[in-house]
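Got the model open in your viewer? Here's a short walk through it, one selection at a time.

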Amino acid sequence: MGRNANEKSKLRREQRRQEISLLRTIPYSDHQRWWSAETIAVVTGGNRGIGFEHSRQLATHGLTVILTSRDSNVGAEAAKVLQEGGLNVAFHQLDVLDPLSIKQFADWLQQNYGGLDILINNAGINFNLGANNSLEHAREVVATNYFGTKSMIEAMIPLMKASNVGARIVNVSSRLGRLNGRRNRVGDLTLRQQLSDLNSLSVELIDGAVSTFVQQVEEGTWEAGGWPQMFTDYSVSKLAVNAYTRLMARVLSDRPDGQKIYINCYCPGWVKTAMTGYAGNIPAEEGADTGVWLALLPDQAITGKFFAERREISF
């Protein structure tokens, strides 16, 4: 029965992928296009894989894209490829782990573009492939995937431009970080309940949870902590991204009309990129699709949600 259920699930996903492929061929109508060449989209980790596709697709839709990368040479080359295709793409070096790098980028963005309209937090790392579950790099994974995303959001919010349609933040996450997934969920019921309760959710709670995880990893006691058993460090980092997305949606909800900022996260799926050792079954073009779709939703009033394949899923 389990195998049949898995086969049905795979069939449904393949059908949904085909539906999305068809949707991508349908152009936005004029009344749906709230953006222009003056609309600024920033993509972190845009030099390859899903981030490169985010950049390419947004620029293809006519936006101005700021592609960022920790490696200046690689990032500049990626931007050049898109520029040679006639797309409006600029490059700036950015290391989401370096506060000075973030500040320099923010200053440059403000001086040259007056801010931004869209932020796609794509930069992330993963050191485990296949059945491996090494936690040797847990501190770095959490620092990049969660704290780096958090630092970018904090730095970019003051620069997000006022508009009638609202600015947008899209965080690339993963189903592996779901609180209540059937597999790989947090075993600590108290922590799961705390992270589920939006009223009690706080930065201190999220930061404390991931800091406890890293400490337990370094002490060799993490297995008794009830943490996810697959891709553990990556899963915990994305669990934190999901929780922070929900929290910031609540914090930002009080902003007045004309200054709204909508924030959501999404799972791109098991994408065939360097992060998965090219073992994924989804091309980067499809993996980026839901992120671009969220960024460009017309008259968006959706915030604090989790998506996959252009559909809302549970946290």
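We'll begin at a single residue, move out to its helix, and finish on the sheet. Keep in mind as you click around that this is a predicted model.

**Stop 1: glycine 75.** Select glycine 75, which you'll find in helix 3, residues 72-84. Is glycine 75 buried or exposed? Its relative accessibility is 0%, so it counts as buried. Now show what surrounds it. Skipping neighbours within four places in sequence, glycine 75 is in contact with Asn47, Leu67, Ser69 and Phe91. Try a distance too: from the C-alpha of glycine 75 to that of arginine 48 is 8.4 Å, although 27 residues separate the two in sequence.

**Stop 2: the whole of helix 3.** Extend your selection to the full helix. Helix 3 is 13 residues long and spans 18 Å from first C-alpha to last, close to the 18 Å expected at 1.5 Å a residue. Colour Gly75, Ala78, Ala79 and Leu82, which are the buried ones to look at here. Then turn the view until you look down the axis: the buried residues of helix 3 fall within an arc of 95 degrees, so they line one face of the helix. Why does a helix do this sort of thing? An α-helix has 3.6 residues a turn, so residues three or four places apart point the same way.

What does that buried face pack against? Select helix 2 (49-60), strand 2 (64-69) and strand 3 (89-93), and you have its partners. Swing round to the other side of helix 3, where Asn73 and Glu84 are exposed.

**Stop 3: the two ends.** Zoom in on aspartate 71, which caps the N-terminal end of helix 3. One of its side-chain oxygens sits 3.0 Å from the backbone nitrogen of asparagine 73. After the helix comes glycine 86, with a positive phi near 85 degrees.

**Stop 4: the sheet.** Show the strands. There's an open sheet of eight, in the order 3-2-1-4-5-6-7-8, with mixed pairing. Strand 3 and strand 8 (311-313) are at the edges with a single partner strand each, so one side of each has no neighbour in the sheet. From one strand to the next, the twist averages 25 degrees.

At one edge, strand 8 pairs with strand 7 (residues 306-308) in the antiparallel sense, over three bridges. Pick phenylalanine 307 and its bridge partner, glutamate 312 in strand 8.

**Last stop: helices across the sheet.** Bring helix 3 back: it lies across strand 2 and strand 3, at about 175 degrees to strand 3. Then select helix 8 (residues 232-252), lying across strand 5 (167-172), strand 6 (261-266) and strand 7, at about 160 degrees to strand 6.

Terms used: Residues numbered from 1 in each chain as written. Predicted model: local features only at pLDDT ≥ 70, side-chain atom pairs only at ≥ 80, totals over all residues. Heavy atoms only, no water. Helix = DSSP H or I, 4+ residues; strand = E, 2+ residues; numbered from the N terminus. Buried < 20%, exposed > 50% of the residue type's maximum accessible area, 1.4 Å probe, protein only. Contact = heavy atoms within 4.5 Å. Expected span 1.5 Å × (residues − 1). Arc of directions from axis to C-beta. Polar contact = N/O pair within 3.5 Å; in protein donor to acceptor, adjacent residues only side chain to side chain. Pairing = 2+ DSSP bridges. Axes fitted to C-alpha atoms, helices over the stretch in contact; angles between N-to-C directions.
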